[in-house]
Amino acid sequence: MKATGIVRRIDVLGRVVIPKEIRKIFNVSEGDPVEIFTEKDGIILRKYSPLSNMDGLADEMAYALFSKTGKCVYITDKDTYVSASGNCVKDLLGRRLTSKLIRLIADRQTLINNFEVGKTTVPLDGEEGFGYCNQLVIPIVCKDEGVGSIILCSRDKSEQITLKDVDLAELACSVLAGRFR
C-alpha cells in the first residue's frame, strides 16, 4: 500500500469522505459503486467493475472472439480495459479508456471503422489507435445503460471488419450483458 498522507475522520453514520484528488486519480464519480476489501492490517476500496469480476468470462470471451475473427479483441467496462486477446497491446489492461470510447459506451453507439485514406481511427489510449486501421466498437448494454464494450481491431488494411465480426461481437455483448441481470 502507498501512503497518501491524507487523514479523514469517520462520521456518526460510519461514513468517510474520499478526497477529490484521490477520486479523480481513480476515476470515481458520485454514484459509482465501490467494492470494499479487507487485509490483515487495513481496508481497501476499489471502484467496482462487474466485467472484471466474472470469473474469467471476459477473458474467455475475448479469446473466443480472437479465435473466430483473427482480430485483436479488447473488452472494457465503462472506463477501463479489463481483457485482451490476440496480437494486442496488453499494456492497455487496467488503463483508462479515451473520452471518445467512454462517450460511445455511454451513448450506446456502435462504431465500424474500416480503413479509408484520410480517415482516422478511434484512439485507444491517447495514441492514434496503436496502428489499428480497422475497428469495431460495440457497447455492452444492460438495462438501457452502457456498461462496457467489445472492441475488435486490425493493423492489416485488408482485414476489414465484416458482418460476421459484427454478429459475433454482438452475440458476445449479449452474453456478457446477461451476466448483469
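Here is a friendly talk between a visitor and a guide about this structure.

Visitor: What kind of model is this, and what pLDDT do local features need?

Guide: Residues are numbered from 1 along each chain as its sequence is written, and side-chain values use heavy atoms, with hydrogens and water left out. This is a predicted model in which side-chain atom pairs count only at pLDDT 80 or more, totals for chains, interfaces and linings use all residues, and local features need pLDDT of at least 70.

Visitor: How many disulfides are there?

Guide: A disulfide is a pair of cysteine sulfur atoms within 2.5 Å. Cys72 and Cys88 fit, with their sulfur atoms 1.9 Å apart. By this rule the count is 1 disulfide.

Visitor: Which parts of the chain does the pair Cys72 and Cys88 tie together, and how many residues apart are they in sequence?

Guide: Helices (H or I, at least four residues) and strands (E, at least two) are DSSP runs, numbered from the N terminus. Cys72 lies in strand 3, while Cys88 lies in the loop between strand 4 (81–85) and helix 3 (99–106), so the pair ties together parts whose separation in sequence is 16 residues.

Visitor: Is the disulfide of Cys72 and Cys88 right-handed or left-handed?

Guide: The torsion about the S-S bond is what decides this for Cys72 and Cys88. That torsion is about 130 degrees, so the disulfide is right-handed.

Visitor: Is Cys72 buried or exposed?

Guide: Buried means under 20% relative accessible area, exposed over 50%, and partly exposed in between (1.4 Å probe, protein chains only). Its partner Cys88 has 13% relative accessibility and counts as buried. Cys72 has 4% relative accessibility, so Cys72 counts as buried.

Visitor: Which cysteine sulfur is nearest to that of Cys153?

Guide: Cys153 is buried, at 1% relative accessibility. Cys153 is in no disulfide; 4.1 Å away is the nearest cysteine sulfur, that of Cys72.

Visitor: Why does Cys173 have no bond to Cys142?

Guide: Cys173 counts as buried at 5% relative accessibility. The closest cysteine sulfur to that of Cys173 is in Cys142, and it is too far for a bond because the distance is 12 Å.

Visitor: How many salt bridges does the structure hold?

Guide: A salt bridge is a side-chain nitrogen of Lys or Arg within 4 Å of a carboxyl oxygen of Asp or Glu. One of them joins the side chains of Asp11 and Arg15 (2.8 Å, N to O); Asp11 is partly exposed at 30%, whereas Arg15 is exposed at 52%. The structure holds 3 salt bridges.

Visitor: Lys71 forms a salt bridge with which residue?

Guide: The closest N and O atoms of this pair are 2.8 Å apart, and the partner of Lys71 is Asp165. The pair links distant parts of the chain, 94 residues apart: Lys71 is in the loop between helix 2 (57–69) and strand 3, and Asp165 is in helix 4 (residues 163–178). Lys71 is buried at 6% relative accessible area, and also buried, at 3%, is its partner Asp165.

Visitor: How many residues apart in sequence are the parts that Lys78 and Glu145 tie together?

Guide: Lys78 and Glu145 form a salt bridge, with 2.3 Å between the closest N and O atoms. Lys78 lies in the loop between strand 3 and strand 4 and Glu145 in strand 7 (residues 145–154), so the parts tied together are apart in sequence by 67 residues.

Visitor: Is Asp79 buried or exposed?

Guide: Asp79 is found in the loop between strand 3 and strand 4. Contact means heavy atoms within 4.5 Å, and, not counting residues up to four places away in sequence, Asp79 touches residues including Lys47, Arg95 and Arg96. With a relative accessible area of 8%, Asp79 is buried.

Visitor: What is the relative accessible area of Val73?

Guide: Val73 is found in strand 3 (residues 72–77). Leaving aside neighbours within four places in sequence, Val73 is in contact with residues including Leu65, Phe66, Cys88 and Ile151. Val73 is buried, with a relative accessible area of 0%.
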